[in-house]
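This report walks through a protein model by way of its charged pairs, its aromatic rings and one of its pockets. Please have the sequence and the structure at hand while reading.

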Amino acid sequence: MKPQEYIEAISDGRMDEKLKAVYVLDSAVEAQKERYINTIREFINIFGDDRDIIITSAPGRTEVCGNHTDHNNGKVMAASINLDAIAVCAPSLNNTVRVQSIGHALNVVDIEKLLPDETEFGHSTAMVRGVVAKIKDMGYKIGGFDAVTTSDVMGGSGLSSSAAFEVLLGTTVSYLFNDGKISAVDIAKIAQYSENVFFGKPCGLLDQMASSVGTFVTIDFKSTENPVINKVEFDFSQSGHSLCIVDTGGNHSDLTDDYAAVRGEMESVAQAMGKKVLREIDYNDFKKAVPQLTDKVNDRALLRAYHFYNENIRVDKAVEALESNDFDAFKEIIVDSGKSSYMLNQNVYSPANPTEQKLSLALCISEEMLKGKGAYRVHGGGFAGTIQAFVPNDLLEEYKAAMESVFGLGNCHVLIIRPVGGTKVM
């Protein structure tokens, strides 16, 4: 279908079921219709109305348990959310990829030139180049295409706006040139490769995997080549709670060194014991080695290792609690996860700026309101950005008002869990 035909089909309701399959709620569908139409119109303005288009989507993600474990081959529980990035796209007849993200500069990539370029590090053009390069390296088809994208995944929010963008690009190439046959797991690996090698950020695989696979999932990264992914059988809508993400106003733009230190220090412990990552070492063997390790690695590295091992245990316990429909036990595990992140992993504020502790303040207020009733923890990479809270529905309005009185109107986001990851919507 041509762009204008899609506008007409969306306007008269013919695409409602396709939108509902992704966004679940009727109210959300109505909001998405305007967003989709506006994005298609922007495509027409930039690239014209003469080609058939497809529309793809990739969600942000919320990490539920398993904070900073993925990069050492640990375990995580995560879920895709209703905030997403979408792309209106069409193949072109040349060897150029043009991606116009609304509100940003046009990204232009020659698909004959697919090597990393340090001058592009930190720029979205590098992500585009990296995704296309890795897809080609894996033996899939590539081609030139034009796309207009927009995202409501807040940057710096811990909801993984960059992963959503990378997964969106991989999903787009999969459907444009490979009949959608690139698996969700492979798209996640492609996205991570792009961010590591082309964008210059040493991230793990969690963000991309949760965005690409979708819904409530546990991911065991013992083998990064073949991670074990399992759906968690739990209907969150029946829990009597809401999932809140509170944006405290910080951002992640200057925190690359802090993130790298978490991974690097965990790996320093593993290397001191003759291994590459902590997952290769049994927890009991690590504990026995601590007296000798104190002369080989710094103290914070040991604390972060303790956090790693116990987070893996908590993920298993969280799955067991949910599948047993014991939400009270689940909440206790989430609170423990948050305390470990604060005390052991130490990623609630940046050591480079210790007087700025918006996450600490948000957690303090959350504990005052939710202790014994809900759950609260740092969200995502930490150091700045967002916290996560599971709030009893009868306290939701009070909690939301309290958070927004401190951190700003609209900064407490009440989310739903999205049933699909990266996908072609239309």
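## Salt bridges between distant parts of the chain

Glu63 and Arg377 form a salt bridge in which the closest N and O atoms are 2.8 Å apart. This model is a predicted one, and in it the pair links distant parts of the chain, since Glu63 belongs to strand β1 and Arg377 to strand β9 (residues 375–378), 314 residues apart. Are these two partners buried or exposed? Glu63 counts as buried, at 2% relative accessibility, and Arg377 counts as buried as well, at 1%.

Strand β1 (residues 54–65) also holds Arg61, while Asp207 lies in helix α7 (residues 206–213), so that this pair ties together parts that are 146 residues apart in sequence. The two residues form a salt bridge with their closest N and O atoms 2.5 Å apart. Arg61, at 2% relative accessibility, counts as buried, whereas Asp207, at 23%, counts as partly exposed.

## Another bridge, and a network

A salt bridge also joins Asp146 to Arg98, with the closest N and O atoms 2.8 Å apart. The pair links distant parts of the chain, with Asp146 in strand β5 (residues 145–151) and Arg98 in strand β3 (residues 96–101), 48 residues apart. Here Asp146 is buried at 2% relative accessibility, but Arg98 is partly exposed, with a relative accessible area of 31%.

Elsewhere, salt bridges that share partners join Arg35, Asp84, Asp152 and Arg418 into one network. The count of salt bridges in the model comes to 23.

## Charges over rings

Arg418, a member of that network, also lies over the face of Tyr23, at 5.9 Å from the ring centre. In a further case of a charge over a ring, the charged end of Lys287 sits over Tyr283, 4.2 Å from the centre of the ring.

## Aromatic pairs

The structure holds 18 aromatic pairs. One of them is formed by Tyr193 and Phe198, whose ring centres are 6.0 Å apart and whose planes meet at 55°, so the pair is tilted. Tyr193 is partly exposed, with a relative accessible area of 25%, whereas Phe198 counts as buried at 2% relative accessibility.

Phe234 and Phe327 make a stacked pair, because their planes are at 5°, with the ring centres 5.7 Å apart. Phe234 lies in the loop between β7 (228–231) and β8 (241–247), and Phe327 in helix α11 (residues 327–345), so the pair ties together parts that are 93 residues apart in sequence. Phe234 is buried, with a relative accessible area of 14%, and Phe327 also counts as buried, at 8%. Both residues belong to a cluster linked by ring pairs, which includes Phe216, Phe236, Phe330 and Phe390 as well.

## The second largest pocket

About 470 Å³ of space lies in the second largest pocket. Of the 22 residues that line this pocket, the closest to its centre are Gln192, Asn196, Thr224, Glu225 and Arg263.

Which helix supplies the largest share of the lining of this pocket? That share, 6 residues, comes from α6. Helices α6 (184–199) and α8 (256–272) each supply at least two residues of the lining. By character, the lining residues divide into 8 nonpolar, 6 polar and 8 charged.

Terms used:
Residues numbered from 1 in each chain as written. Predicted model: local features only at pLDDT ≥ 70, side-chain atom pairs only at ≥ 80, totals over all residues. Heavy atoms only, no water. 1 Å grid on protein atoms, 1.4 Å probe; cavity = no way out; pocket = protein on both sides within 12 Å on 5 of 7 lines; lining within 4 Å. Points joined across faces, edges and corners; volume = space filled by probe spheres on them. Helix = DSSP H or I, 4+ residues; strand = E, 2+ residues; numbered from the N terminus. Nonpolar A, V, L, I, M, F, W, Y, C, P; charged D, E, K, R; others polar. Phe/Tyr/Trp six-rings, centres within 6.5 Å; stacked < 30°, edge-to-face > 60°. Buried < 20%, exposed > 50% of the residue type's maximum accessible area, 1.4 Å probe, protein only. Lys NZ or Arg CZ within 6 Å of the ring centre and 35° of its normal. Salt bridge = Lys/Arg side-chain N within 4 Å of Asp/Glu carboxyl O.
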